[in-house]
Structure formats: structure tokens, C-alpha cells
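Hi everyone, thanks for making time for this. I'd like to walk you through a structure, so let me put it up on the screen.

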Amino acid sequence: MTGEKTVLVALAGQPNCGKSTVFNLLTGARQHVANYPGVTVEKKTGSFAIDDIRVELVDLPGTYSLTSYSLEERVARDFLINDMPSVVIDVADGSNLKRNLYLTLQLMEMEAPVILNLNMMDVVERRGQRIDVDRLRDMLGIPVVPTKAKKGEGKAALRVAVKELAGKRPGPAAYKIDYGPLEPHIDVLAGAIAEDPLVSVQYPVRWIAVKLLENDDRAADMVKGAHTDADQALALAESCRLRFTEETGNAPERHIAFARHAACARIAAETVTLPAAKKRSLSDLADRYVCHRFFGPLILLVILMALYQVAIVFGNWLALQAWPIWGAVEDFSADVLPAAGFTSDPLLRALGLWVVKSTTAILNYLPIFFLLFSLIAILEDSGYMPRMAFILDRLFRRFGLHGQSTLPMILGGVYVGGCAIPGVMATKAIPDERARLATIMIVPMMNCLAKVPLYLILIGAYFADVGGLAMFFIATVTLFMALPVAKVLTLTVLKRHPSAPFIMEMPPYHLPTIMGILRRAFERIWLFLKKIVTVVAAVAVVVFVLINYPGLPDDRRVHYDGMENAAIKGFMADVARTEFVGRITRADVLPIILFEESLKRAKRGVTDQEESSAINARFQADNPVYYAVVKREGKDGKKLNKSLKKVVRTRKKARREARAERFEASFLGSMGRALEPVTQWAGFNWRINIALLSAFAAKENSAATLGSIYGLDGDQSVQESMKAGESGFTPLHALALMLFMALYPPCVPTSIMVRHQADSTGWMLFSIAYQTLLGLLVASLVFTGGRLLGLTGLQAMWAFYGLCVATTLIMALIPNPEEREAAASVSPEPCNEHCS
Amino acid sequence: MRSNKTLKSVAAGENAFVVAVAAGFRARTRLESLGIIPGVEVDVLANSRGPMLVSVGEGRVMVERGIAEKVLVA
Ligand SMILES: Nc1nc2c(ncn2[C@@H]2O[C@H](COP(=O)(O)OP(=O)(O)OP(=O)(O)O)[C@@H](O)[C@H]2O)c(=O)[nH]1
Ligand SMILES: [Mg+2]
């Protein structure tokens, strides 16, 4: 034994009091912190050392109380009961001590070894309050440690307190809440329970007695699980409850809540000095405007627009500036991977480039994500998010959503350019089960960044003259599709799910710090990189296999070999007529082509004359013969270069055709073909189907796959080669495809997140299925309907827009399930009886 | 005499004394733990058409109108 011992320490406290900040302060971890109640929803573990003691620290979700009615309260309470931590650090917001004591007293009642951590002491000071820490310590009989966790103050004192308490034997709490007239009943019940050897060892007796009187069903379960004669104890509790109600005319649970509040008020009155003049705080002053019925929505709109401008418009520009970096990564891998073949490449190269391209396609959005994460960190830290929930609650309610659905929808891309993954993740904070599921179901319908490349291709190819309008259409129509869908889901599949009333704390504003924001943004980018890039790379491999195998049949391979041989033969005949005869053999043809390509790659983006000559010199030294051909040196060089160009053209053609054939014959291609009978109503042929199938992995694949199908080797842009490759395509086809993309089922990483957040595979499958069906339905409606009515793409666009807006308005007028119940149960007489 | 005045009818800028909370079980425990219990004084900070914003002691709480209607005040 080295004498090292491990102690379990829990962090408990009310929401938003800074538990996670204290957790990070003690362990050096990076738990998610935000000025928004209910951020931590699962318990998180970390560890640190005090001298020779190892401390396992658990960050519990914030709870205002310790009843068993809400999930987070159960999680916290079960942990305290079952895992019996050696120390419980009760983090309390010092500036709101009275309310925070409500939890402290309950923790003490459980006879947990509590340290009261008065956090946010900087706020206490700023508001001119004073807390008599010594008096508080004496009254409660537990250690009290003031901290300013955000500023890193108080760490040492907390560590000392933990070490001291961890070494002590737990004793009964010094402070007991006086329950007045209920006390005799508590004594009777506690006496009966204490006689049972099992329960009295496992649980604090007085606490169990109070809980039973409070009619807490989890406490009843505990007694049932441990008591030798549980029924008798429960019957006794029930008779005590009845008797108390008769005696006082008050339900015991209410009396208990009152007694606790009264105790808190008494302690706070003796220890907290509020400033004499009760002046309105700056927070309240700001809220007069921020939460105002006219200015509030206006300010919200301005903030959302600024968010869009900075993250999307400016971010896009930044992404463009950063592209050369990712381009260089692609070039680098093209250089180091095994050399290319004539028509087909070695597997390692083909697969390697495929994976690299899929990954860089997402890395490309990194600047946008960084800006988005920073801006959201500012919103989170400042405390504006709860205000947003406040303002939008009313509108969203009409569609079965919740004020707190705002953030997930913004992250998902309400306008253009979000990502469904953080969006779905953010639904966690929504307490209303039904609204939460509805939000999870519609977030993937927002316009995530990855859908944008396809929009851009299609708009560029088929709506070039009205590009701005078309972009506005697709950016806003999604909301008018998502809101009715949320409403329909609420009225149907989600009808039976419980909905919770909107009661939420509104925390005061905090001034965000630049360091804090940057740190947060980098942390999230890092997480994003780790999770998403690995998933994307893995999925890319799967798609690669599905789209390339079983591969070309032998006769086709012979056909392409023939093309290759003929081209090389032609070139060699030309070589024979030049001075290069003998110096260039058949085996040199492909290397010359690759030499030219790598010279092109080396010079990409190089504008400096000197640098360019240096590169030339390097290549010349490398192979003067190849260089002469590629750079058209001398009469013969020029001649051969011309001949080489022909070979290059043949090679490109062979590669393009072979690839198209390979794709068509592939597993994914057969699927695309098999789907044609259904998708023809939406105007999609098998090539489009392949692109859409590959988009399931990650949506940017749709554009990438279209690009490879129509020939990425060409110098034309994707939209031009698509237009050339699909002569029968009209703007109506393009519109149907865009709408399908908008409603496209969540991509694989998002689906995984949906499954995680909805906690069911069923919901994940549902979300995939309904979006696919809805997408097909809408695309078919627009395409087939538009064709029957003889509408142009533009006319169909606005006809559909009108339809969506009208549906949204109608949906807003249909009452929600509980409104119906309320309307049905309204009695002519206002309630007078049971409103105690 | 019981009063029939509810929190919902208190205008912004006014204050009220909570007499009873006649909401459902979940809502009531939630309000209780946030400090909205009979016997406390609340300041109404906002009361237009969305949720209400009330101030209890040092805390600020948003309360849906449907629930505010069930909080009896004097
Ligand atoms: N002024 C000040 N702010 C603090 C202090 N400690 C934490 N905060 C801020 O308070 C907010 C809430 O902090 P969190 O650590 O997320 O709180 P939490 O208790 O984990 O919250 P939940 O997980 O939602 O229950 C954040 O904006 C913190 O930056 C402090 O000592 N002083
Ligand atoms: Mg937390």
C-alpha cells in the first residue's frame, strides 16, 4: 500500500450556479459551461489529487430540489443515495442564497457530508450584498467556502475543505429543519423505521420518514426494497398523512415545502445583508428592452441577421481564403500516394484520394464553424439565450415547439448554413418531452451547410438569371415546411408524449470574456473535428466500396485497354518521327502525363515569377526529356506535346466513361436504377439517385458524386458538365431536386445523434423514413404537378411557396392537444373549491 | 374571502402577494423550488402576450401564461 486513497466527491447545486465551472476549476477539465439553466444533463466524472488523496469528482445535473418528479432530480438523488460520496460540494449562487439554501437543507437532511460552496461572490460584491460566512457556518454546522469560480478564486480553500471533510466520520447533521406540527408524526414514523435493521442501515431514518410523509414514490420503493415489513411501514405513513391533513387542513407535502422555505428565509435573514436601497439592476433595465413586446423581436431579428452575416457571409469568404490549405492537402496526398494508372488507379490511390476529398469537403467549412461556435459561445455566456426562448416561446408554441427550440434550429441552419449535428445535440435542454422530440425531428430539415453546394450547382445551372431569388426561396421555404411538420407530428405521433409547462429561470446577464469565448470555440472545433472527421472518413470508405464494386466486367476492361493501347501506339508513331526516338519508350507515356500533372499541381497558386522558375528548374533537372515534351521545347517538343494532348484527351474520356460504367454497375448504381420507377415522378434518373444515396453518408457527397459522375476530369465546372450531361433536364427538375435535398433524411452522423438524443432507434428510423417520404412526395408534387399544369420552374417555385405559407398559417390556427383538453374541460363556474 | 385575482392579471411593473398555487403537480413543485410559494411577494416585470416574467427575491422566472393563470394572488 502506498497510502494513496481514493475518495468520491459529488458536485450538487441548483442549475446555473456554476457547478461545471467549479468542476473545471478543480479538475482542469473542459465541461460545457453556459449562462443558461440546465446545461449539464448527465453526470460527468473527472479526477484530481490533493496531496496523497485521489479525488473522483462527479458533476451532477443542476436541481432546484431533490424530489423524484423530474429526471435530473432523480439522477442527482439516486447518485447521492446509491454511491454515497464521501463529500458533497453544494455549489450555491451566493447572490441568490435564500433560494439555493432550499437544496442545501435537503442535502443535509439526507445526512450527506456537505460543504457549502458560496460561488459567484463577485456578483454578491458587485450588487452590494454582504454574506456573514462565519455566522452561516455556525448556524448550519457545516464548512462554508466562498469562491469566484469564473475568476479561478477559491480553489485552494475548496481543496482544503474537501480534504478535511473526507477524513472525518459522517455524523448526524447539526442543523435540522423544524417541521412544527408535523414533528410528532415524523417521530412516530422514524421510530417504526429505526426498528428495522435493514432500512436504518441503508438510509437516514429521519429523511426516509419525511420523504414518506411527503408521499414520494421513490422513497416508498426504497422502503419496499429494504424493509422486512414494508407494507406496515407504508400503511403507518399513510395514516400519519391522513391524520395530519385532518388536524391542520393542509397536505403534508405542502407543509413540508413551506417549512423548508421558512427555514431558508430565517437563515438568509440572519446572514445576508441586502443593499439598503433596492435599486433596479442593470439586467432588469436591459430586459425592459430585450424582452419588450415590440423591441424584443426586433432586437432578436437584428442579432440573427448579424449572426448570418458574420458566420455565413464572412465565414464563406474566409473559407474561400483558406481553401488553398485544403487544396494543398489534396495535392500532397495525390503526390505521395501510388501513381495513377491509365484508365483505372491502384486501389490505395483511389481509396486514399476519395477519403481525403470527402474529408477536405467538410474541413472546408471549418472557418464557418469556428465563427458560428464563437458567436454561439457569446450568446451562451451573455445570457441572451434564455431571453430568446422567452421571446419565441409564443410563436413556437403554436406549432408544438418550445421557446427553447430556438437554439437547435439556429444551429441547424434556420436560414442557410448550419449543421444538424450540434442542432440535435442542443435539444437536450428542452424540458418538454413532446416539444423536444418535435424539435429533434425538424432540425434535420433546416438548411445545413452541406446542402448548399448542391443548391449552388443547381441554381447556377438552371436558375442563373434569378439566382438571388432562388436562393431566398430555398433558404426560407424550409421553415415554412418545418413548422407545419412539427405541428402535424405534435397532433399525431407525439400526441401521447408528456408536455411540460414552460417555467424557466432567467439568469442575469454576464459579460463574456474574449479568452473564454475563444477557448470555448476551439474546444468545440476540436470535438467536432475528432467526432465528425472520423465518422466522415469511415463512411467515405463504405461509400467508396459501394459505388466502385463489383467493378467493370472483363469485356469492358478489354475495351478500355484497347483504347489505351491505340492512343499510346499513335503517340509512339509520332515519337518515331522526332529526335526523341529511342529516348522515349512505351513505358514513358503514362509517366509523362503524370509528370505534367504534378508540375501543374506544384505551380497551382504560385504567382511569383522567381518561384515559378525555381519549380521549372527543379522539374527540368528531374527529367529533362519529359520536361522538353511538357514544356514544348524545340520543334520536336512542340510536335510531341500536341500528340501528347491527344493521348491525355483519350485518357480522360476513357476514365470518365469507365467510371460512369463502374458506378452504374455498382451496388449503389443498381440501387439507383431500382429506385427509378418511384423517383421518376420526381424527375430523378439513376444518376441523380446515386448522388442522393451517397449523400446519406454526408450531404456534401451529393455534389461530389454528381461531379464525379458527370466527369470531374474536365475543365468545365460541375454545373456546366451537368447541363451538358443531362440534356433533358429542365428548371422544374432542378427545383424538385432542391426541394428533395431540403427535406432529405438526416445524414448518418446526424442520425446517430438523433438516436442518442431521442434515446431510441425507433425515432431515428422514423426520422429517416418520414423525411424520405415527405421529400419524395413534395418533389413529385412539384415535378409532376408542375408538368401537368405546364408551369415553368420559376412559376412552380412561387406556387409552392404560397402553398407552404398558407399551410403554415392554417396549422398555426389548429389548437394543440392540451389546448383542446383545456377547452373541453372548462367549466362555467370558475374554480373556487380546490384552489387551496 | 377568497380572491379570484390571478398572477396573469397583474400588469408589468406591479407587484403581488402569492396566495395559492393551484396548478398541476409538476408545475407546482417546479414553482415551489423556484421560490414561488404562497406567502411570497413577486414583482411582475413583463406581461404582454408571451410568457410572463416575474421577479422573486433575487431570481427572475419566466412562467407560461397558462400556469400564471393558476397562481392566485392578492
Ligand atoms: N460572475 C461569475 N460567474 C460565474 C461564476 N461561476 C460560474 N459563472 C458563470 O455562471 C454561468 C453558469 O455556469 P455553469 O458552470 O454552466 O453552471 P452549472 O451549475 O454547471 O449549470 P447547469 O449545468 O445548467 O446546472 C456561466 O456563464 C459561468 O461562466 C462566478 O464565480 N462568478
Ligand atoms: Mg453544468
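Let me start with a term we'll need: a cavity here is a set of grid points where a 1.4 Å probe fits but cannot get out, and a residue lines a cavity if one of its atoms is within 4 Å of such a point. Please keep in mind that this is a predicted model.

So, how many cavities of 30 Å³ or more are there? The count comes to 6. The largest of them holds about 190 Å³ of space. Its lining is made up of 20 residues, and those that lie nearest the centre are A:I362, A:C419, A:I421, A:A450 and A:E700. Which elements give two or more residues to this lining? They are α19 (420-425), α23 (514-548) and α34, which belong to chain A. The top contributor is α23(A), with 3 residues.

Let's stay with α34 for a moment. This helix of chain A covers residues 748-758, and A:S751 sits in it. Is A:S751 buried or exposed? The cut-off for buried is under 20% relative accessible area, and A:S751 comes in at 4%, so it counts as buried. What does its side chain find there? A polar atom of the A:S751 side chain lies 3.2 Å from the backbone oxygen of A:P746. Leaving out residues up to four places away in sequence, A:S751 touches A:F696, A:P746, A:M764 and A:I768.

Now over to the sheet, where both chains take part. It is an open sheet of 6 strands, in the order β9(A)-β4(B)-β3(B)-β2(B)-β1(B)-β5(B), with antiparallel pairing. Why do β9 of chain A and β5 of chain B each have one side without a neighbour in the sheet? Both stand at the edges, β9 with residues 503-505 and β5 with residues 71-73, and each has a single partner strand, so one side stays free of a neighbour. On average, neighbouring strands here are turned by 40° against each other, ignoring direction.

Let's go strand by strand through part of chain B. β1(B), residues 15-21, is joined to β5(B) by 3 bridges, with B:A20 opposite B:L72. β1(B) also pairs with β2(B), residues 41-46, over 3 bridges, and here B:A16 stands opposite B:V42. From β2(B), 4 bridges lead to β3(B), residues 52-56, where B:D43 faces B:S55 across the pair. A hairpin of 5 residues connects β2(B) with β3(B).

That's my tour, and I'm happy to go back to any part of it.

Terms used: Residues numbered from 1 in each chain as written. Chains lettered and ligands numbered in written order. Predicted model: local features only at pLDDT ≥ 70, side-chain atom pairs only at ≥ 80, totals over all residues. Heavy atoms only, no water. Pairing = 2+ DSSP bridges. Axes fitted to C-alpha atoms, helices over the stretch in contact; angles between N-to-C directions. Buried < 20%, exposed > 50% of the residue type's maximum accessible area, 1.4 Å probe, protein only. Polar contact = N/O pair within 3.5 Å; in protein donor to acceptor, adjacent residues only side chain to side chain. Contact = heavy atoms within 4.5 Å. 1 Å grid on protein atoms, 1.4 Å probe; cavity = no way out; pocket = protein on both sides within 12 Å on 5 of 7 lines; lining within 4 Å. Points joined across faces, edges and corners; volume = space filled by probe spheres on them.
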